[in-house]
Amino acid sequence: MCGIVGINSKNEFYVRDAIKRLKRLEYRGYDSFGYAYGSSLYKKTGHIVVPSSDDKTKRIIAHSRWATHGGVTDANAHPHVYENVTLVHNGIIENYQELKDLYLRKGHKFLGETDSEVAAHYFAEKLKEKDMINACSDFIHDIKGEFAILVLVKGDQNIYALRRDSPLVLGVGTDMNFLGSDIYAFSDATNMAIFFENDEFAVVGNDSFQFYDKHGKKISKEVQTFRWEQEESMLQNYDHYMIKEIMEQPKVVKRLLFSLDTEQKEKFHEFTAEMKKAKKIIFVGAGTSYHASLLGVYYLHRCGKAAQTIIASEFEHFIDVDEDSLVIALSQSGETMDVIEALKYAKARGARIASIVNVPYSTVQRMSVISLNILAGQEVCVAATKSFTNQVALMLALAKEFGYKVNMESLPQQIQSVLERSGSVKDMAMGLKDNEHLYVLGRGLSYPVAREIALKIKEISYIHAEGMMGGELKHGTIALIEKGTPVIGLVSGKDNAMLSNLKEVGARGANVITISNEAAGDIRLETSNDGKFGILASIIGQLLAYHIANAKGLPIDKPRNLAKSVTVK
Ligand code: F6R
């Protein structure tokens with residue numbers, strides 16, 4: 001987590017414009033923020049505030065924090081300064097205590113409790129004996145853990161940038177270079193980028209740059225040209241990014257489906273060919289992306305294609321992978337640490353790696369032999385909405401190649417019809433907002449959807465919600481059902497077992513809300529296809545979570561304690 005930005009320019013730019021770039025990365029962490037330019041240093045807890053001053057500079061580094069080591073305080077916010085070194089860091093320095101003890105013995109003073117502060121001391125010490133190129137190469141050898149680091153050294157015109165396991169990319173502009181945790185930091189200014197691989201570092205000037213390997217040997221790297229849908233990163237007339245992104249779903253699904261017939265057509269066929277060839281298909285993902293992968297497994301299973309999915313953080317404990325396995329990662333950001341670790345594990349055992357991502361050139365995509373883009377555009381709200389829908393739409397399109405029957409062309413219009421029912425979902429939200437607990441039940445296809453709806457309600461509306469298999473209810477959870485407990489039941493087709501489960505909780509006083517297509521229900525979705533039922537029902541869940549959170553006045557786009565890109569284990 002944490003977002004970092006650096007700019008080195010031939011000409012002066014407004015500091016406030018640089019901080020607006022940092023704000024584009026705020027979804028990566030928003031406990032505190034800070035920046036340093038010239039002799040100025042500013043750091044503060046809370047959400048990023050763009051300064052109103054007309055201050056200009058040619059060089060700046062900035063940071064948006066998601067606390068790991070050390071509380072949320074001004075002192076723990078980045079940049080960290082020691083003697084002639086100022087730096088920002090994303091990642092975790094695992095051997096920081098050992099280094100800190102060493103520097104304390106030497107008489108250094110520390111201002112906060114973070115692991116990152118130690119890095120400033122490290123460089124300051126090294127610079128007493130050697131130049132920055134050698135100091136960077138030593139850092140890569142000596143430091144255990146993960147880092148994307150930007151360093152300024154007093155009297156030096158460069159920004160030094162180092163990476164291991166935390167994302168870092170260089171944006172190549174005209175008379176200026178950008179550094180960022182991802183391309184959003186500069187995607188409005190340039191579409192040319194170079195992605196840092198592990199244990200590489202670069203010296204970035206205002207119109208030149210040089211990359212080095214961990215031994216300090218110069219390396220040349222290719223500049224990539226990326227495509228990005230920029231128009232969608234503004235709030236426009238919406239109150240929150242979440243509702244804007246929910247409303248964009250018909251458009252982004254249409255864009256994805258169009259791409260599968262045009263620019264991604266060839267890759268799509270190669271991807272299916274990989275799946276057909278593989279003896280074992282194993283998906284991996286975290287959170288919402290895991291739920292999308294569970295739906296994928298369901299769709300494939302329906303047409304006789306065996307597949308499994310494992311939550312990324314538990315991957316190595318629950319599955320054997322080998323040369324016969326195709327491991328398919330699902331990840332919006334393409335930077336989730338648990339997913340990357342699972343892929344490393346799979347790769348080391350000879351598996352082929354494929355992926356489905358939203359952010360192009362992300363680490364997960366770069367680790368894959370083949371990768372498809374979901375083309376959802378930038379998702380600013382921490383909670384995944386449109387990226388989930390496009391992941392599932394892509395899963396449906398893949399399953400269709402294996403014989404799953406579904407009319408994809410009508411999906412955008414069906415989503416539009418669901419969105420037009422936002423008013424009635426809002427009425428339902430008013431009836432639910434004061435509850436402390438809520439249950440969402442599903443079976444088969446609707447089980448992953450139940451989990452996804454519960455996750456949205458938890459993270460955005462701060463209601464404890466449990467999404468579970470209807471069949472499991474009687475094995476314990478039913479003990480929690482009392483008079484008035486809300487239970488949302490997802491009934492796809494004539495799911496009599498699910499209807500019985502709802503009767504069982506109803507008989508114990510639960511306030512049952514049914515989302516169905518064929519059976520009678522409080523919300524009836526117009527589709528007879530179970531695959532599309534999954535997407536449409538989850539959109540009802542997105543709207544419900546949004547309206548509950550809005551009614552409670554919660555920070556919808558940046559819920560407490562969360563960050564969009566989870567780049568720590
Ligand atoms: C929930 C949510 C998270 C992410 C999870 C994985 O709304 O957004 O659960 O789905 O952190 O992130 P990605 O897809 O970027 O790997």
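Buried area is the accessible area that two parts lose on being put together, summed over both. With that in hand, here are the close-up views of this predicted model.

**View 1. The protein chain is assigned three stretches: domain 1, domain 2 and domain 3.** Domain 1 covers 3–225, domain 2 covers 234–414 and domain 3 covers 421–569. If you look at the second and third of these together, the centres of domain 2 and domain 3 are 23 Å apart, taken over C-alpha atoms. Their contact draws on 44 residues from domain 2 and 39 residues from domain 3.

**View 2. Domain 2 and domain 3 bury about 3300 Å² between them.** Carbon and sulfur atoms give 62% of that area. The interface also holds 21 residue pairs in polar contact. On the domain 2 side, at least two residues each come from α5 (241–247), α8 (287–302), α10 (337–348), α12 (386–401) and α13 (411–419). The most is given by α8, with nine residues. Sorted by kind, the residues on this side of domain 2 are 24 nonpolar, 13 polar and seven charged.

**View 3. One salt bridge crosses the interface of domain 2 and domain 3.** Side chains of opposite charge can pair when their charged atoms come close. Here you can zoom in on the side chains of R302 and D530, which meet in a salt bridge at 2.1 Å, N to O.

**View 4. The ligand has 15 residues around it.** Those that come nearest are S289, S331, S333, T336 and E459. For S333, a polar side-chain atom lies 2.6 Å from an oxygen atom of the ligand. Backbone atoms take part in this view too: a backbone N or O atom of Q332 lies 2.7 Å from a ligand oxygen atom, and a backbone N or O atom of T288 lies 3.1 Å from an oxygen atom of the ligand.

**View 5. A cis peptide bond joins H78 and P79.** Omega for this bond is about 0°. To find the spot, look for P79 in the loop between β4 (56–65) and β5 (80–82). Moving along to the loop between β5 and β6 (85–90), you meet E83. The phi of E83 is near 50°, a positive value in a residue other than glycine.

**View 6. The side chains of D182 and R28 meet in a salt bridge.** The distance is 3.5 Å, N to O. D182 sits in the loop between β10 (176–180) and β11 (192–195), while R28 sits in the loop between α1 (15–24) and β2 (32–37), so the pair ties together parts that are 154 residues apart in sequence. For a wider tour, a search of the whole structure finds 33 salt bridges.

Terms used: Residues are numbered from 1 along each chain as its sequence is written. This is a predicted model: local features need pLDDT of at least 70, side-chain atom pairs count only at pLDDT 80 or more; totals for chains, interfaces and linings use all residues. Side-chain values use heavy atoms; hydrogens and water are left out. Domain bounds come from an automatic or database domain assignment. Contact means heavy atoms within 4.5 Å. Buried area is the accessible area (1.4 Å probe) that two parts lose on being put together, summed over both. A salt bridge is a side-chain nitrogen of Lys or Arg within 4 Å of a carboxyl oxygen of Asp or Glu. A polar contact is a pair of N or O atoms within 3.5 Å; within protein, one must be able to donate a hydrogen and the other to accept it, and residues adjacent in sequence count only if both atoms are side-chain atoms. Helices (H or I, at least four residues) and strands (E, at least two) are DSSP runs, numbered from the N terminus. Ala, Val, Leu, Ile, Met, Phe, Trp, Tyr, Cys and Pro count as nonpolar, Asp, Glu, Lys and Arg as charged, and the others, Gly among them, as polar. A residue is near a molecule or strand if one of its heavy atoms lies within 4 Å of it.
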